Amino acid sequence: MAVKTTCPYCGVGCGVIAERNAAGLVSVRGDPQHPANFGKLCGKGSALAETIGLEGRLLEPVIDGEAASWDVALDHVAEGFSRIVRQHGPDSVAFYVSGQILTEDYYVVNKLAKGFVGTANIDTNSRLCMASSVAGHKRAFGSDTVPGCYEDLELADLLVLVGSNAAWCHPVLYQRMEAAKARNPACRIVVIDPRRTATCEGADLHLALRSGSDSVLFNGLLAHLARNNAIDRAFVQASTTGAEAALGQLAGQTVSQTADICGLAEGTVELFFDWFARTERVVTLYSQGVNQSSSGADKVNAILNCHLLTGRIGRPGMGPFSLTGQPNAMGGREVGGLANQLAAHMEIENPQHRDLVQRFWRSPVIADKAGLKAVDMFDAIGDGRIKAVWIMSTNPLVSLPDADRARRALETCELVVVSDCMRHTDTTRYANVLLPATAWGEKDGTVTNSERRISRQRPFLPAPGSARADWHIVCDVARRMGFAGFDYADVADIFREHAALSGFENGGARDFDLSALSTLDDRAYDALAPVQWPVTRDYPTGTPRMFETGEFFTPDRKARLIPVTPRAPENATSRDFPLVLNTGRIRDQWHTMTRTGKAARLMTHMFEPCAEFHPDDARKAGIDDGGFALLSSAWGRMVVRATVTAEQRRGCVFVPMHWNGEYAGNSRINALVNPATDPVSGQPESKHTPIQAESYRLKWHAFVLSRNEIERADADYWVTGRAGTCWRMELAGNERPVSWRDWARARLRLGDADIEWIAYRDTSAGRYRYAAVLDGRLEGCVFIAPDHKLVSRSWLSSLFAEGAISPSARRSLLIGQPREAGADIGAVVCSCFGIGQRQISAEILKGATDVEAIGRRLKAGTNCGACKPEIHKLLNSIAKLDGLTA
Ligand code: SF4
């Protein structure tokens with residue numbers, strides 16, 4: 001049966017149709033009727049069916065390493081939390097939850113913390129993602145409201161993407177923008193980002209500004225708009241306050257000064273300002289590059305100021321637009337999942353709101369002050385103020401800044417409860433109690449995407465083992481703690497209560513209102529079609545755009561322009577730490593790889609975490625492309641493979657955030673990231689950590705490819721995973737084993753029986769190669785060398801897709817290169833169809849002149865389309881080479 005559900009990854013919130021055939025095999029496809037994606041899915045979404053296997057799942061409760069029954073585990077958690085609250089007060093416990101849990105899960109855990117335990121110490125990994133947007137929205141609009149909708153991106157004539165690599169991080173939405181641009185020749189795309197990312201491939205202008213200078217740029221734009229009479233005076237007069245103050249301090253800020261501070265050419269800044277001033281329909285999209293900053297909230301307000309001054313908000317094709325990273329960061333915001341919020345977008349500091357929520361919940365208490373935000377919460381765990389923490393569906397020891405400090409905090413915490421779907425994560429290692437939670441495909445509830453659209457996540461698989469839904473676990477613990485108000489019949493019951501609270505004594509005073517959904521019966525809840533909040537009696541089918549009347553949610557109903565004084569990032573570079581570390585996402589992985597790491601095809605695009613260096617910085621540090629670099633900051637160190645590319649801004653280094661202890665050794669980049677946070681939003685500064693980089697020489701380098709999972713080895717560097725049709729491991733180290741032959745055999749876990757071993761040894765050069773063949777089939781191979789210049793892995797990997805290998809391939813095995821031209825596809829570009837760089841380059845050299853032609857010839861880019869920017873880049877780089885040789 002086909003079940004309509006929602007993708008569990010990014011904030012685009014694509015509709016997915018999942019189908020299970022008679023043999024139990026699951027397939028997924030995009031839902032053509034879902035208004036977020038109209039049938040499209042990116043590579044991650046398309047690979048969802050490959051991530052639902054039970055390997056690695058946590059299937060039963062565990063206490064101190066021993067399996068336990070649910071009754072025992074729930075009693076243990078309830079008694080532990082109750083005892084600690086009794087002895088040390090409500091603020092001695094905390095809940096650290098996640099933008100991956102569903103709104104109903106979020107609702108009950110927030111209710112338990114704030115209304116029954118009486119603490120606001122509940123925060124979420126969404127703090128790391130979009131807290132600055134929340135703070136900026138609230139300061140400007142009086143509410144955390146995303147004004148527009150995805151349709152606006154298609155109606156705009158100017159799309160400005162700030163700190164957003166949407167081509168990789170929000171691929172389906174980016175492709176909607178690209179398609180709109182193709183239909184509308186007047187449409188321009190501007191990218192503002194220190195790095196030249198895949199998103200720049202489709203852009204008309206790229207402003208590679210100095211890290212952290214976004215507020216200066218948007219202040220400069222605000223001054224330029226005023227100077228050039230681009231102010232919507234009627235709107236400013238009727239619907240805003242603060243314009244004079246915001247502009248007052250900027251009177252002298254010229255384009256030239258702006259360009260100078262931002263490290264940009266004056267003409268480039270002038271062009272961008274001019275386009276913005278002259279284009280009525282402009283949408284400014286921003287994401288983690290803006291939010292993850294010690295002045296993130298100010299950066300958001302600097303952007304919002306420009307839209308408020310020009311009145312470009314609340315109308316089709318225009319407005320500021322916060323792209324949320326997580327599938328349900330918005331749902332978490334709606335129920336008050338952040339430590340400084342109450343439920344239903346109400347304020348914890350507002351006594352009327354507290355009274356209202358407490359009366360609605362009939363709760364014994366209500367938290368009356370903001371709780372500890374993520375980074376502060378883990379500090380409080382570390383210094384003993386918090387003695388019990390319940391971590392739900394997240395892996396903070398990988399994702400929090402200064403991650404080793406967070407690890408030390410959990411080591412000393414009296415009671416660490418982790419509910420998760422996976423048994424082994426960096427965080428579950430430190431849990432006293434593990435509670436098995438259901439995963440995507442088994443979960444039932446709702447999520448809200450970046451455009452305020454609520455969609456159902458519906459189950460199509462039974463819960464495995466004794467896994468339970470998060471809301472169910474929370475309610476079980478709450479009842480055991482002696483609290484009434486947690487006897488929900490099912491998830492629909494929770495949703496009705498959540499919707500009813502949003503409309504309780506609202507009367508249009510608050511933006512978040514689902515009152516028209518509070519009476520849905522179970523069947524209607526199950527059938528709920530995607531809908532944008534508010535959903536009220538006046539707007540029963542939802543609300544695509546907010547602020548259409550020019551009224552906001554401040555006491556005087558006017559929006560606020562906030563004067564922004566740009567601040568430098570909290571930790572400046574120095575002689576010791578001269579480079580700026582910037583962290584972020586890659587195309588085919590999601591967060592800490594818990595699910596995407598299981599999909600073999602998603603591991604083919606980028607198998608290892610790589611630090612990207614500008615060629616000048618690499619040269620100075622003696623770092624080779626493909627060699628290793630030791631990165632150090634004042635907080636931690638990491639050994640990582642280096643990529644040298646002119647796309648990186650000089651002085652900056654980019655490292656992806658995903659790798660963790662399950663997939664690699666010592667490669668949690670967040671161990672280096674500074675714990676500076678924004679004073680308003682509490683969001684950490686993950687885009688700016690001063691670091692030092694030096695070449696890191698290791699005595700031996702190796703890779704292992706195998707049909708079976710590879711045995712781990714002690715090594716200074718290792719990365720493992722299932723990539724394409726085989727398992728792969730990359731290793732490097734200083735200590736050599738006694739026998740490379742035995743070492744290689746141990747990695748492949750093959751007994752001697754019937755295996756034919758082929759070997760090549762050059763002992764003096766330190767080169768060893770081994771291949772194991774069984775019945776003509778390649779079972780595994782191991783290549784070892786004294787430097788990183790080992791052969792390409794792509795051709796050897798492709799041999800695992802075959803049965804018996806050909807005589808020619810067999811002769812080439814230990815060379816690692818095919819004899820036939822074209823047999824090595826090169827690095828995978830299109831992971832949907834496994835098309836490599838060399839195949840695409842060959843077609844370009846044969847005459848393919850555009851992305852569509854490559855699609856026709858190789859299918860690359862014709863499924864999810866997320867690789868199109870890379871194909872475009874190859875087309876451009878080969879065209880440039882042609883130009884040079886012509
Ligand atoms: S863009 Fe990709 S990851 Fe994001 S919701 Fe859609 S399918 Fe999922």
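Start by selecting V16 and G30: V16 stands opposite G30 in β3. This is a predicted model, where local features need pLDDT of at least 70 and side-chain atom pairs count only at pLDDT 80 or more, while totals for chains, interfaces and linings use all residues. Residues are numbered from 1 along each chain as its sequence is written, and side-chain values use heavy atoms, with hydrogens and water left out.

Now show both strands in full. β2 and strand β3 (residues 26-30) are antiparallel partners, with five bridges between them. Strands here are DSSP runs of E, at least two residues long, and helices are runs of H or I of at least four, numbered from the N terminus; two strands pair if DSSP finds at least two bridges between them. The hairpin of β2 and β3 has five residues between the strands, and in it G24 takes a positive phi near 90°. Next, add strand β1 (residues 2-6), which pairs with strand β2 (residues 15-20) in the antiparallel sense, again over five bridges. Click on V3 and you'll find A18 as its bridge partner in β2.

Next stop, a mixed sheet. Seven strands make up this open sheet, in the order β5-β4-β16-β15-β14-β6-β7. Its edge strands, each pairing on one side only, are β5 (66-67) and β7 (122-124). Zoom in on strand β6 (residues 93-97) and strand β14 (residues 388-392): they pair in the parallel sense over four bridges, and A94 has V389 as its bridge partner in β14.

For an antiparallel case, go to the three-strand open sheet ordered β17-β18-β19. β17 (445-448) and β19 (531-532) are the edges, each pairing on one side only. Four bridges join β17 to strand β18 (residues 453-457); pick T448 and look across to I454 in β18.

Time for the rings. Rings of Phe, Tyr and Trp (its six-membered ring) pair if their centres lie within 6.5 Å; planes under 30 degrees apart count as stacked, over 60 as edge-to-face and the rest as tilted. By this rule there are 27 aromatic pairs. Select Y150 and F321, a tilted pair at 5.9 Å centre to centre with 35° between the planes. Why does this pair tie together parts that are 171 residues apart in sequence? Because Y150 lies in helix α5 (residues 150-155) and F321 in strand β13 (residues 319-322). Y150 is buried (under 20% relative accessible area with a 1.4 Å probe, protein chains only; exposed is over 50%, partly exposed in between), at a relative accessible area of 1%. F321 is buried too, also with 1%.

Then move to F547 and F552, with centres 4.4 Å apart and planes at 35°, so this pair is tilted. Both F547 and F552 are buried. Add F141, F235 and F553 to the selection, and you have one aromatic cluster.

Two charges over rings are worth a click; the rule is NZ of Lys or CZ of Arg within 6 Å of the ring centre and within 35 degrees of the ring normal. K111 lies over the face of F486, 5.2 Å from the ring centre, and R747 lies over the face of W743, at 5.0 Å.

Last, select E55, K598, Y663, E709 and W727. Among the 22 residues lining the second largest pocket, these lie nearest its centre. Strand β28 (residues 717-723) gives the most to that lining, with three residues. A pocket here is an open set of points on a 1 Å grid over the protein atoms alone, where a 1.4 Å probe fits, with protein on both sides within 12 Å along at least five of seven lines; lining residues have an atom within 4 Å of a point.
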